[in-house]
Protein chains: 2
Amino acid sequence: MYQAIRRRRDVRAEFTGEPVPDEALMRVLGAAHQAPSVGNTQPWDFVVVRNPTTLATFADHVAAARLNFARSLPGSRRDTFEPIKIDGIVESGTGIVVTYDPSRGGPNILGRHTVDDTGVFSAVLAIENLWLAAVAEEVGIGWVSFYDENYLAELVGIPAPVRPIAWLCLGKVTEFRQVPDLERFGWRQRRPLADAVRYETY
Amino acid sequence: MYQAIRRRRDVRAEFTGEPVPDEALMRVLGAAHQAPSVGNTQPWDFVVVRNPTTLATFADHVAAARLNFARSLPGSRRDTFEPIKIDGIVESGTGIVVTYDPSRGGPNILGRHTVDDTGVFSAVLAIENLWLAAVAEEVGIGWVSFYDENYLAELVGIPAPVRPIAWLCLGKVTEFRQVPDLERFGWRQRRPLADAVRYETY
């Protein structure tokens, strides 16, 4: 368990393109589906996308969003950002669009009465299960967030009020890098654990 | 890995009150701290609460929120809800308040430029790491969401713009139940995995 948590990486450049067997894909999705959820609503769904045209179309959209972000950066940060690859949409061969349906479970959701966000948080817990199970299968995951949510909803036919909350690239990898890309490229370093732990009050 | 994902429960009634050793607690928090995060921002913090007065005060607040929810339910659902225990705040002996700091990482967050929610989602990924590591330590976690966010922020001194996003009860347990409480008590059953998996379009 701890080894998988430590080895997990957000993969961009290491996808081989080799197909992941359907049985492994279903085990990984089954792990996601065993996540906890508020009121046991299980508000997630998983759209498996392998159509090369859809992958290429989405990759073009993401490349444009990347350019917008680069242009928004001050000069020195732009130089740091430049070599960082932000997706492996086409190379991985498989996208998993994770969706959140706020209407699932009806109007009386046990636990969402007070904190409405616990609904979408449940779908995020499923993503971490999926990610760790993928490590156990020696399969890489890369979460892409350089996209417009409405664009992605239209691309794969997601009707309101359902929201796409993530595009995950999934595929075989040459390796899991030991150091995360954003550390390797000097974008942002890891905080010490001691800084994140507080006692009794914030 | 798959065994931990399968065994994980949202614990309410099975806390023994026996203290969890500090080394185990730090391993569990260390697993949380190894979660992926957008732009490597690591926007989470963990407030460990063991002061009996704070635990009792929060438990009272949660009991009131539980009553409000029960009153909002139509009759048959109210009867189903009645026997369901929703927290083990006092019995567990330890609360972990997980917080999200949207200001961490400055104004140019790689990956949050397009989907702002990926910030808070990062802190939720840390929660699932924490939960699964706890299973590996034979420690139970129960996520409590029957509270008012501003009340909890004030209780443990969390300043804006930081948000408390979860109260997790953490403690030794008599067992991990095989069937989740909300299934056992007939609140909501599990969907088949096949219903959650779609291909190419939603």
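Which residue in strand 5 of chain B is the bridge partner of Val48(A)? The legends below, which describe a predicted model, begin with the sheet in which this pair lies.

**View 1. An open sheet is built from strands of chains A and B.** Five strands follow one another in the order 3(A)-4(A)-2(A)-1(A)-5(B), and their pairing is mixed. Strand 3 (139-144) of chain A and strand 5 (197-199) of chain B each have a single partner strand, so these two stand at the edges, with one side of each lacking a neighbour in the sheet. On average, and with direction ignored, neighbouring strands are turned by 30° against each other.

**View 2. Strand 1 of chain A pairs with strand 5 of chain B.** Three bridges join strand 1 (residues 44-49) of chain A to strand 5 of chain B, and the sense of the pairing is parallel. Tyr199(B) is the bridge partner of Val48(A).

**View 3. Helix 6 of chain A packs on the sheet.** This helix (residues 118-136) touches strand 1, strand 2 (95-100), strand 3 and strand 4 (163-172) of chain A. The direction of helix 6 makes about 155° with that of strand 2 of chain A.

**View 4. Helix 2 and helix 6 of chain A cross.** The axes of helix 2 (residues 22-33) and helix 6 come within 7 Å, at a crossing angle of roughly 145°. The crossing is right-handed. Helix 2 contributes Arg27(A), Val28(A), Leu29(A), Ala31(A), Ala32(A) and His33(A) to the contact, while helix 6 contributes Ala126(A), Ile127(A), Asn129(A), Leu130(A), Ala133(A) and Ala134(A). By class, nine residues of this contact are nonpolar, two are polar and one is charged.

Key. Residues numbered from 1 in each chain as written. Chains lettered and ligands numbered in written order. Predicted model: local features only at pLDDT ≥ 70, side-chain atom pairs only at ≥ 80, totals over all residues. Pairing = 2+ DSSP bridges. Helix = DSSP H or I, 4+ residues; strand = E, 2+ residues; numbered from the N terminus. Axes fitted to C-alpha atoms, helices over the stretch in contact; angles between N-to-C directions. Contact = placed C-beta atoms within 7 Å. Left-handed = near helix turned anticlockwise from the far one by under 90°. Nonpolar A, V, L, I, M, F, W, Y, C, P; charged D, E, K, R; others polar.
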